[in-house]
Amino acid sequence: MKIEKIYNSIDLFCGAGGLSLGFQRAGFKTLFAVEFNKIYAQTYKANFPEVDLYCGDIKNISNIEIENLGKKAEVDIIIGGPPCQGFSLAGNIGRLFLEDERNRLFLEYFRFVDILKPRMFVLENVASMVTHNKGKTIKEIEEKFHSIGYEIQYKILNAVNYNVPQERRRVFIVGTQKGISFKYPLGNSNIITIKEAIGNLPELKSGEISSIPQHNAMKHSAQMLEKMSFVKDGGTRKDIPESLRPTSGDIRKYVRYNSNKPSFCVTGDMRKIFHYSQNRALTCRELARIQTFPDDYIFCGSTIEIQQQIGNAVPCNLAYEVALECFRSLKNE
């Protein structure tokens with residue numbers, strides 16, 4: 001009987017674990033993960049107790065410690081999405097992306113790749129990275145990885161095409177060593193609506209608690225409940241009478257999900273986007289379903305901390321589709 005090879009991964013900036021879950025489902029073993037936020041790290045550890053998790057600043061991991069990771073076991077792939085906060089400033093004042101101190105986490109990701117030399121890496125980030133600074137930023141990233149021997153591809157993937165009930169566009173940068181061929185997952189036209197994703201969860205009123213973990217409704221003020229009562233399925237703030245309608249703030253707020261369409265992009269604050277048929281914001285469990293986390297996935301922290309973890313995650317089903325292609329690439333090497 002032929003034994004299937006196990007490929008090893010390291011997850012940097014792992015957050016709640018969406019990428020790790022997708023890659024584990026595809027057959028990868030996570031050897032090591034890094035997360036700075038203590039609450040996010042608690043969530044990760046609760047769901048991946050077997051993974052060696054470092055909770056702290058990645059810059060405090062020495063080069064020798066990174067080398068030792070490679071000595072313990074071969075690292076086939078590094079995955080992760082380094083937070084990059086310098087987009088608005090870098091370029092506008094002639095500063096390169098990699099020169100901006102706020103983007104040092106990207107350089108930490110690069111340091112791990114440079115030292116461990118995995119056969120592949122996957123770097124996920126916001127779609128605007130591709131067009132930032134008139135395309136110079138993505139070119140800068142390409143050249144940085146080319147300098148250590150990697151071929152680079154990048155593509156913006158919309159999660160809605162990968163069995164995720166949500167419009168969510170992110171860039172996936174894939175680096176491969178010579179001899180490895182990678183193709184992005186094709187996606188499909190099987191669009192899943194938000195109603196299909198969360199419609200079988202118990203109905204809740206404002207402030208109501210259910211027996212399902214983290215399926216508890218936010219308690220809204222009387223004024224907010226009055227405003228949302230006017231917004232129809234798929235409607236906007238324009239449905240609210242002018243005397244009550246908010247005149248400032250994010251235009252993406254005070255809207256109601258359309259039950260016949262996928263969700264809006266889930267972010268860390270969805271408190272003013274209303275359930276398609278119930279007068280309340282979505283619960284953490286509903287948001288987790290939209291991000292395709294399983295119902296038994298454990299989230300630690302306060303409600304807003306959990307929403308932020310979910311909003312920052314890579315949708316598990318999208319991660320799985322990308323991971324499958326990575327697995328095929330390594331297997332066919």
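**View 1. Helices H4 and H5 run roughly parallel to each other.** The model shown here and in the other views is a predicted one. The H4 and H5 axes cross at roughly 25 degrees, and angles under 35 degrees count as roughly parallel, which is why the pair gets that description. H4 spans residues 104-116 and H5 covers 136-146, with axes that come within 11 Å. As for handedness, the two helices make a right-handed crossing. On the H4 side, the contact is built from Phe 106, Leu 107, Tyr 109, Phe 110 and Val 113, and these meet Ile 141, Lys 144 and Phe 145 of H5. Sort those residues by class and you get 7 nonpolar, 1 charged and no polar.

**View 2. Helices H3 and H4 are oblique to each other.** Here the packing angle is about 50 degrees and the axes sit 9 Å apart. The crossing of H3 past H4 is right-handed. From H3, the residues to pick out are Asn 63, Ile 66, Glu 67, Leu 69 and Gly 70; their partners in H4 are Arg 111, Phe 112, Ile 115 and Leu 116. This contact has 5 nonpolar residues, along with 2 polar and 2 charged ones.

**View 3. Asp 57 is a buried residue in a loop.** The loop in question links strand E3 (52-55) to helix H3 (63-72). Asp 57 has a relative accessibility of 14%, so this residue falls in the buried class. Skip the residues up to four places away in sequence, and Asp 57 touches Phe 36 and Arg 104. If you want a long-range distance to go with this close-up, try Glu 151: this residue is 94 residues from Asp 57 along the chain, and their C-alpha atoms are 29 Å apart.

**View 4. Phe 13 has a positive phi without being a glycine.** The angle is about 60 degrees. You'll find Phe 13 in the loop that joins strand E1 (7-12) to helix H1 (18-25). Its relative accessibility comes out at 17%, so Phe 13 counts as buried.

**View 5. Asn 163 is another non-glycine residue with a positive phi.** For Asn 163, phi is about 60 degrees. The residue belongs to the loop between strands E6 (151-158) and E7 (169-176). Buried or partly exposed? With a relative accessibility of 22%, Asn 163 goes down as partly exposed, because the buried class stops under 20%.

**View 6. Ser 9 sits in strand E1 and is buried.** The relative accessibility of Ser 9 is 0%, hence the buried label. Which residues does Ser 9 contact, once neighbours within four places in sequence are set aside? The list is Phe 28, Lys 29, Thr 30, Leu 31, Phe 32 and Ile 77.

**View 7. Helix H10 has a span close to the expected one.** H10 takes in residues 316-331, 16 residues in total. From its first C-alpha to its last, the helix reaches 22 Å, and the expected value at 1.5 Å a residue is also 22 Å. Plenty of side chains to inspect here: the buried positions are Cys 316, Leu 318, Ala 319, Val 322, Ala 323, Leu 324, Glu 325, Cys 326, Phe 327, Ser 329 and Leu 330.

How values were computed: Residues are numbered from 1 along each chain as its sequence is written. This is a predicted model: local features need pLDDT of at least 70, side-chain atom pairs count only at pLDDT 80 or more; totals for chains, interfaces and linings use all residues. Side-chain values use heavy atoms; hydrogens and water are left out. Helices (H or I, at least four residues) and strands (E, at least two) are DSSP runs, numbered from the N terminus. The expected span of a helix is 1.5 Å times one less than its number of residues. Buried means under 20% relative accessible area, exposed over 50%, partly exposed in between (1.4 Å probe, protein chains only). Axes are lines fitted to C-alpha atoms, for helices over the stretch in contact, and angles run from 0 to 180 degrees between N-to-C directions. Angles under 35 degrees count as roughly parallel, over 145 as roughly antiparallel, 65 to 115 as roughly perpendicular and the rest as oblique. A crossing is left-handed if the near helix is turned anticlockwise from the far one by less than a right angle, and right-handed if clockwise. Contact means heavy atoms within 4.5 Å. Ala, Val, Leu, Ile, Met, Phe, Trp, Tyr, Cys and Pro count as nonpolar, Asp, Glu, Lys and Arg as charged, and the others, Gly among them, as polar.
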